[in-house]
Amino acid sequence: MPSRFLHTFLLLIFPSFMANSYAQSFTATALKTEYLVNPIGLDNPNPRFTWQMADTRTGAKQTAFRLMLGTDSLALAQGKANVWTTGWLQTSAQLKSYSGPQLKPFTKYYWRIDIADQHQKKSSSVKIASFEMGMMNSKNWQGAWIADNENAKLKPAPYFRKVFEAKKQIKSARAYIAAAGLYELSLNGQKVGNHRLDPMYTRFDRRNLYVTYDVTQQLQQGKNAIGVLLGNGWYNHQSTAVWYFDRAPWRNRPTFCLDLRITYTDGSVEIIKSGKDWKTDLSPIIFNSIYTAEHYDSRLEQAGWNTVGFDDSKWKNVIFRSAPSSQIVAQAMHPVRNVEEIKAISLKKFDDTTYVFDLGRNISGVSKIKLHGPAGTVVKLKHGERLYPNGHVDLSNIDVHYRPTDDKDPFQTDILILNGKGEQSFMPHFNYKGFQYVEVSSSVPIRLVKEDLVGYFMHSDVPVAGSIKASDPFIEKLQFATNNSYLSNLFGYPTDCPQREKNGWTGDAQIAIETGLYSFDGITIYEKWLADHRDEQQPNGVLPSIIPTDGWGYEWGNGPDWTSTIAIIPWNIYLFYGDTKILQDNYDNIRRYVNHINETYPSGLTTWGLGDWVPVKSVSPVELTSTCYYYADALILAKTAKILGKTADYQQYSVLAAQIKNAFNAKYLNRATGLYGSGLQTELSVPLFWGLVPDDLKHRVAENLAKRVAADNFHLDVGLLGTKAILSALSNNGFGEVAYQLASQRTFPSWGWWIENGATTLYENWNIQSKNDISLNHIMFGEIGAWWYKSLGGIKPDETQPGFQHILLQPQVVEGLESFEATHNGPYGQIVSGWEKKGQQLTYHFVVPANATASVDIPIAKTQTAYLNGKPVQAGLIRLPAGNHRLELR
């Protein structure tokens with residue numbers, strides 16, 4: 001029987017044949033360039049392309065791919081690439097960097113990816129993505145840096161405008177804008193885009209970011225008006241606090257540079273640029289501070305200021321300014337946005353001039369109010385995390401580092417002056433806060449209802465990458481709070497808290513890196529932040545404790561326990577994404593950092609660092625914790641050298657890591673007792689977590705840790721560094737039940753104690769009644785957000801096949817939960833690991849994405865029989881191909 005007739009016959013007799021045959025369709029999906037969907041304005045001359053394989057068949061695998069790139073999307077769909085093609089490459093890789101002819105600025109490119117499966121069958125459907133190059137070189141800018149001719153101490157924010165005529169039919173238009181400070185761009189009276197607080201904060205005198213917008217739809221043939229509103233941001237920091245940002249070496253009146261590039265249908269290009277033909281005036285924003293708040297006098301509004309018909313004859317001329325730095329580079333990252341609108345859950349009225357709104361949860365962001373009132377009415381909106389017993393907003397926990405010189409800039413308090421022209425609404429342009437409550441007070445009586453104020457949860461709008469489900473809803477509630485704190489502290493760089501500091505504390509970020517990566521797709525933020533590290537690093541390798549910085553933090557707060565971000569974050573990005581670029585970009589910086597510690601502390605032991613910050617009660621030696629981080633840095637450096645083919649460095653730093661480990665154990669390890677130091681929780685857990693414990697003593701040390709926890713009544717006795725280590729130190733070494741008792745504890749001191757007391761975010765101190773270090777929205781104790789994935793879900797990357805190409809599945813079943821499930825969207829697709837207990841039967845559910853594999857490592861008792869997808873399997877390491885799998889223990 002001819003093969004085609006046999007195939008038809010099988011389909012008629014066995015309809016399910018098609019579902020499992022080689023003919024089942026599959027395709028490439030989730031196409032991204034530089035980890036963004038169809039981005040515009042890229043500078044990287046060798047952009048990275050990533051994709052996934054959409055294939056639900058068991059064992060689905062990509063065996064080859066072909067990437068084609070061109071400037072004609074129709075031709076590309078027909079298999080014709082006029083720029084570059086890889087040809088068919090026999091590989092399972094789903095990451096490829098461009099290596100064709102030099103890409104051109106301002107050019108849109110299209111790319112497609114064709115893949116072949118395990119049967120060498122090629123995908124039938126065509127997926128096409130695009131990206132567009134930006135300036136690529138600072139020399140391509142045509143606009144000038146302009147500003148108003150005012151002193152940096154002047155408070156009102158400036159407007160800028162220009163009218164131009166587009167005389168021909170417009171095909172496309174792009175706006176490229178760089179600023180020192182913050183900006184909002186408008187065309188013909190409408191704000192461009194939905195970003196907030198652009199551009200992201202950098203070390204302004206070393207690197208500035210520009211943003212690209214597609215403004216085709218906002219332009220019209222004929223006359224058009226461009227408007228720019230500038231804010232201070234971190235560039236012109238007028239508020240005074242302990243970090244001296246008001247004394248920053250770059251500080252000046254905000255400035256910007258803009259190129260509006262218009263392509264007409266006849267192929268010609270016109271560039272409208274910033275220059276001396278622009279006009280400027282002061283705006284109704286009479287004060288703005290990224291740190292404190294914004295003040296707005298609506299009586300000063302100039303209706304239509306950014307439209308064509310506005311009369312700007314009384315406006316002033318602009319001045320030229322030098323560029324703030326020589327590096328003007330693309331902001332290729334997920335932007336800050338108003339991500340979620342949150343309605344007030346209650347309103348308390350004290351009298352006709354005082355109200356307190358409660359959003360019901362702690363957030364980072366802004367409030368937006370609508371109200372009526374007579375002209376000249378002064379309305380103050382005080383934002384805080386907690387209330388005094390009398391119901392008024394209490395700022396005493398979050399204004400402790402503020403050093404005001406007068407009463408004109410109250411902390412986290414927006415000030416609005418009404419114009420008396422009917423209903424008004426106000427939302428700050430250039431500020432964000434950390435708050436749950438907003439106390440509104442007015443100089444004359446006003447009437448407010450609960451619906452008159454909403455909050456906007458602002459943060460870098462990174463895609464969600466993971467989730468957990470547990471039979472105990474308390475666990476999900478704690479994870480909700482953890483994710484809220486993580487996002488509240490992501491504004492183009494990771495921060496410690498969104499209210500009293502907004503600083504990029506390195507220690508907080510290294511603690512929370514896995515928590516962030518399991519739950520969110522944050523690579524674009526971290527790559528930008530590591531570039532900030534490179535900007536800030538001194539020639540001798542030293543980094544400051546906060547990044548970016550105006551110079552504060554080189555003398556205090558840094559050291560291996562904090563500034564190991566230079567090694568730990570690139571390494572984790574590599575593990576989660578399988579991308580070596582961040583290791584390559586930062587290799588020399590990691591090496592300089594490790595070399596500096598080695599030169600300063602040749603014994604292998606270092607006392608440089610802050611230590612176990614904000615402990616419950618017990619204090620561990622700084623030398624113990626910092627040396628563990630020093631070892632981690634040296635080991636990461638050695639591994640990175642091997643990955644990058646730097647053999648001599650690999651050998652050198654492997655030896656150094658061994659020397660550190662030996663020196664550490666010689667001083668702190670008692671081999672007879674299996675104790676480090678005096679046996680505190682941090683002293684035992686940190687060496688276990690970072691791998692300094694000799695293999696033959698790991699179980700003994702972990703057992704001692706478990707006994708120490710039991711002696712502490714199964715409560716935490718750690719600070720920041722111990723928090724990172726303790727749960728995994730226990731669960732990775734046979735004491736998962738003890739770890740879960742800690743993680744799920746609900747009495748003081750514990751994460752659960754915060755939740756029991758109404759927390760919707762994580763706190764800065766275990767002791768809620770503490771007088772110091774008591775921000776109510778901190779991420780520094782956030783490791784628990786990763787631990788659910790790593791331990792109960794058991795989803796771990798394999799560093800020999802990073803990016804979850806091979807997944808280590810080691811889920812731990814614990815008493816107190818009947819079921820648990822973790823999902824993570826990695827580079828290859830969604831990973832699922834879950835389990836459920838029903839009587840004596842334990843059922844695991846695993847999903848391994850196409851083109852990935854997994855190893856399952858779970859204990860199987862001699863009295864149990866294991867069934868994988870209905871078939872008996874032997875105890876031991878179980879290998880899983882791509883697909884859905886059910887493992888039952890009976």
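Tyr183, Glu184, Leu185, Lys191, Val192, His195, Arg196, Leu197, Asp198, Tyr213 and His429 line the second largest cavity. A cavity here is a set of points, on a 1 Å grid over the protein atoms alone, where a 1.4 Å probe fits but cannot get out, and lining residues have an atom within 4 Å of a point. This one has a volume of about 70 Å³, a volume being the space filled by probe spheres set on the points, with grid points joined across faces, edges and corners. Strand β11 (residues 182-187) gives the most to its lining, with 3 residues; strands (E, at least two residues) and helices (H or I, at least four) are DSSP runs, numbered from the N terminus.

A quick word on the ground rules: this is a predicted model, where local features need pLDDT of at least 70 and side-chain atom pairs count only at pLDDT 80 or more, while totals for chains, interfaces and linings use all residues. Residues are numbered from 1 along each chain as its sequence is written, and side-chain values use heavy atoms, with hydrogens and water left out.

The structure holds 3 cavities of 30 Å³ or more. In the largest cavity there's about 140 Å³ of space. Its lining is made of 13 residues, with Leu182, Leu197, Tyr201, Trp234 and Ile290 nearest the centre.

Then there are pockets: open sets of points with protein on both sides within 12 Å along at least five of seven lines. The largest pocket comes in at about 1,000 Å³. It's lined by 33 residues, and Leu575, Lys639, Phe689, Asn732 and Glu799 are the closest to its centre. The elements that give two or more residues to that lining are α5 (506-519), α8 (565-577), α10 (622-643), α12 (681-690), α14 and β36 (795-797).

Here's how the linings split by class. Ala, Val, Leu, Ile, Met, Phe, Trp, Tyr, Cys and Pro count as nonpolar, Asp, Glu, Lys and Arg as charged, and the others, Gly among them, as polar.

| Lining | Nonpolar | Polar | Charged |
|---|---|---|---|
| Largest cavity | 12 residues | 1 residue | no residues |
| Second largest cavity | 5 residues | 2 residues | 4 residues |
| Largest pocket | 17 residues | 6 residues | 10 residues |

On to charges. Side chains of opposite charge can pair when their charged atoms come close. A salt bridge is counted when a side-chain nitrogen of Lys or Arg lies within 4 Å of a carboxyl oxygen of Asp or Glu, and that rule gives 48 salt bridges.

Glutamate 783 and lysine 724 make one of them, at 2.9 Å from N to O. Glutamate 783 sits in the loop between α16 (751-756) and α17 (784-792), and lysine 724 in helix α14 (residues 720-731), so the pair ties together parts that are 59 residues apart in sequence. Both glutamate 783 and lysine 724 are buried; buried means under 20% relative accessible area, exposed over 50%, and partly exposed in between (1.4 Å probe, protein chains only).

Aspartate 588 pairs with arginine 591, with the closest N and O atoms 3.1 Å apart. These two share helix α9 (residues 581-600), 3 residues apart, or about one turn of the helix. Aspartate 588 is partly exposed at 43% relative accessibility, and arginine 591 is partly exposed at 25%.

Glu34, Arg48, Glu527 and Asp579 are linked in a network of salt bridges.
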